[in-house]
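Reader: I want to learn how to read interfaces, both between domains and between chains. Where should we start?

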Amino acid sequence: MLLIKNGRVVDPASGTDALLDVLLVEDRIERVGPALTAPQADLFDATGLVVAPGFIDLHCHLREPGGESSETIETGTRAAARGGFTAVCPMPNTNPVNDNAAVTRFLLDRAASVASVRVWPIGAVSKNSSGETLAEIAAMQQAGIVAISDDGKPVATARLLRQAMEYCFPLGLPVIDHCEDSSLAAGAVMREGARSVRLGLRGMPAATESICVARDIQIAELTGGRLHIAHLSTRASLELVRAAKRAGLAVTCEVTPHHFTLTDEDVLYDARYKMNPPLGSRADREALLAGLADGTVDAIATDHAPHEPALKEVEFDRAPFGIIGFETALALALEQLLHPGRLSLLRLVELFTTGPARVLGRSRRLAPGEPADLTMFSTELEWTFRAEQSASKSRNTPFDGRRFRGGPVATIVAGRIVWQR
Amino acid sequence: MPERIRHLLDIESLNTEQITALLDQSKPFQEIQRMPLKKLATLRGKSVAIAFFEPSTRTRISFATAAARLGADSMQLQAETSSLKKGESLLDTVYTLEAMKPDCIVIRHSASGAPHFVAERLPVPVINAGDGTHEHPTQALLDALTIRDRKGRLEGLHVTILGDVLHSRVARSNIHLLAKFGAHIRLCGPPMWVPRELECLAPNLTRVPRLEQALEDADVVIVLRVQLERIHGPALPLEEYILQYQLTEARLRRARPDAIVLHPGPMNRGIEIEPAVADGPQSCVREQVTNGLAVRMHLLYLLIGGAPIDSPGAVHAAD
């Protein structure tokens, strides 16, 4: 039993933002209310802290199996816990690809023995994510996947996407797409623009993403299926999603902290600034900030993409795409969204909880009977992120050494404190 | 006194004072090229690592000759780096070179920013001998030296840069250098290789789509090499390029009568430049090569820090 006292309970599902206590019994929430008492319970003094439902990360890479020198389920979920996440959704681009129930079960078995937080795997759309025939989707769902994606690359053809969305509709699984026109992206290492021209690095235009978003939305309309756009990064893509939502289509999207924080003007000859989709223009960033505030964006997702130093410590052209993101996600959201007054605390919490839950067809509430998954954070705590102190096996982040105001303080999964600052 | 430079990674980050000093101080080294005995002892006992991760003969020989004429030894590394071939990493390679204790590393690489990457990690001065599609600073310096010799100035000149500007490190370095001195620069070439974003590189930069207009009253024409191997995706048919963008005698008449023509070499005769222009009186191609030696000798001298040479003849030595 754990009694969390005097916290500011922020629960988007009920619209609650009040000073309340939360009592956890075993792995469930027992009661939420003012001045609770429970003589046998352990006490957690949450004075000055926000108490929120457990954060969900819809998009990450845990690299196991196959890439254990960059990350494992154990180290990745430990980093996730330090970031306030109670559930993370690893993408299937491991080696082997999570395209069948055996791999899904392996992931969940590993998670059961070593993970700090819940692992909700995402399965592949196509066998080996090669874009040809559908993977064993229903079998993977029975084993425990929560969505499908060929992340790392787009669903190869409109035809395959159509099949996947039609097939998944009765299963209730969303199809998550990494949107990219491969012909425009070929050889590119950053966003095309004044900065790429100056650096002499090959750029991809913003349309690389939105062309594919437009295709996907039309397939969503054709099939009535559930479409989720991964790491949306451009103004044009956002406008397409906004219009699709207005038209009543089941289209959702996520945005990463690095895309709403940085732009292509920040790119240096340093592979910690190399990610896909690449950092966009100032106008893109402004559009994403507006979309996060007005509800067009459903979730903040990290796209935590660890790469061991030997892989990133190379020429910009040769480095793999991606940065780690669990431990800085909330702090960047506070810095970019809450502190400048772009959105309310309730809305910010929604982007980490009910928003991503809804994408997966789930609910997320701080209410009696719900799983005791909670994220506690401060909006004021001053701290500095040090990549070398990260729980991740990798260090590839442009936010090393950044000073933050506010960040995670404690993470509770199934009634157990899995991390505390 | 301009701020001392430690590396030569690009032209963009230099100021006009620094560039002027680099050009002025290359003058004595130009004179050395005209002397019967061209070898100095000023860098005797020093060594230069010349690491080329991309095929090249001319620039490599130019640096090796520059080092030799200063009395320095050079260690040469020629590595094939197809991005697909996975061999030793760049970092491991340069650490290996560094362990041989060179006094300077000259690096050419097919990846933009590779010399910056190396310079951040090694204690040795680094000279960029061309990185990907980014910069080729020694080329811009030798071009500026050539232009100054012929025109007496850089300020206010009308310079036309012709060809695949987007993928040209020569063009980028020249644009940065000439724009800093207030030259008026016109860029001309196939539109997909002369994108609008190039205009953000520097002030006084305009794109002129038609070659005839771009050459109007030009003082200097810099013809870029057509580098088909560097073009991603479908390239323009060569015949189209020749039809629209080849610098011919007839077209060159649009420029000022005393206009000069530069080309970084090696030339594709009959493609980007008509042989009559390449060999004509306005061509400075051979001077460029000689000036390349002077610029590179001076840079090695400056960055390694040899014995003072007020008068090159005084330290002349044939060892």
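Author: Start with a definition. A salt bridge is a side-chain nitrogen of Lys or Arg within 4 Å of a carboxyl oxygen of Asp or Glu. Keep in mind that this is a predicted model.

Reader: How many salt bridges does that rule find across the interface of domain 1 of chain B and domain 2 of chain B?

Author: The rule finds three salt bridges there. For a single case, look at Glu54(B) and Arg169(B). Their side chains meet in a salt bridge, 2.8 Å from N to O. Polar contacts are counted too: 12 residue pairs, both residues at pLDDT 80 or more, cross this interface.

Reader: Which elements of chain B each supply at least two residues of the domain 1 side?

Author: Helix 1 (16-24), helix 2 (27-33), helix 3 (58-69) and helix 12 (285-304) of chain B do, along with strand 3 (104-109) and strand 4 (126-131). By class, this side of domain 1 of chain B has seven nonpolar, 13 polar and eight charged residues.

Reader: Where do the two domains of chain B begin and end?

Author: Domain 1 of chain B is assigned 16-135 + 288-310, and domain 2 of chain B is assigned 137-284. Their C-alpha centres lie 25 Å apart. In the contact, 28 residues of domain 1 of chain B meet 29 residues of domain 2 of chain B.

Reader: What area do domain 1 of chain B and domain 2 of chain B bury between them?

Author: Buried area is summed over both parts. Here the two domains bury about 2,300 Å², with 58% of it on carbon and sulfur atoms. On the domain 1 side, Leu23(B), Glu135(B) and Gln288(B) supply 32% of the buried area, more than any other three residues.

Reader: Now chain A. What does its domain assignment give?

Author: Domain 1 of chain A is 2-50 + 370-420, and domain 2 of chain A is 55-359. The contact takes 44 residues from domain 1 of chain A and 49 from domain 2 of chain A. About 3,500 Å² is buried between these domains, and carbon and sulfur atoms give 66% of that. Within domain 1 of chain A, Lys393(A), Asn396(A) and Phe399(A) lose the most area to domain 2 of chain A, together 19% of what that side buries.

Reader: How many salt bridges and polar contacts lie between domain 1 of chain A and domain 2 of chain A?

Author: There are two salt bridges. Arg402(A) forms a salt bridge with Glu335(A), whose closest N and O atoms are 2.6 Å apart. The polar contacts come to 20 residue pairs, both residues at pLDDT 80 or more. Strand 18 of chain A gives the most to the domain 1 side, with nine residues. That side has 19 nonpolar, 14 polar and 11 charged residues.

Reader: Last, the two chains. How many residues of chain A and chain B are in contact?

Author: In this contact, 15 residues of chain A meet 28 residues of chain B. The area buried between the chains is about 1,800 Å², with 53% given by carbon and sulfur atoms. Val197(A), Arg198(A) and Tyr269(A) supply 38% of the area that chain A buries against chain B, more than any other three residues.

Reader: Which residue of chain B meets Arg198(A) in a salt bridge?

Author: Glu12(B) does, at 2.5 Å from N to O. Helix 6 (residues 194-199) of chain A provides the largest share of the chain A side, four residues. By class, the chain A side divides into seven nonpolar, two polar and six charged residues.

Technical notes: Residues are numbered from 1 along each chain as its sequence is written. Chains are lettered from A and ligands numbered from 1 in the order in which they are written. This is a predicted model: local features need pLDDT of at least 70, side-chain atom pairs count only at pLDDT 80 or more; totals for chains, interfaces and linings use all residues. Side-chain values use heavy atoms; hydrogens and water are left out. Domain bounds come from an automatic or database domain assignment. Contact means heavy atoms within 4.5 Å. Buried area is the accessible area (1.4 Å probe) that two parts lose on being put together, summed over both. A polar contact is a pair of N or O atoms within 3.5 Å; within protein, one must be able to donate a hydrogen and the other to accept it, and residues adjacent in sequence count only if both atoms are side-chain atoms. Ala, Val, Leu, Ile, Met, Phe, Trp, Tyr, Cys and Pro count as nonpolar, Asp, Glu, Lys and Arg as charged, and the others, Gly among them, as polar.
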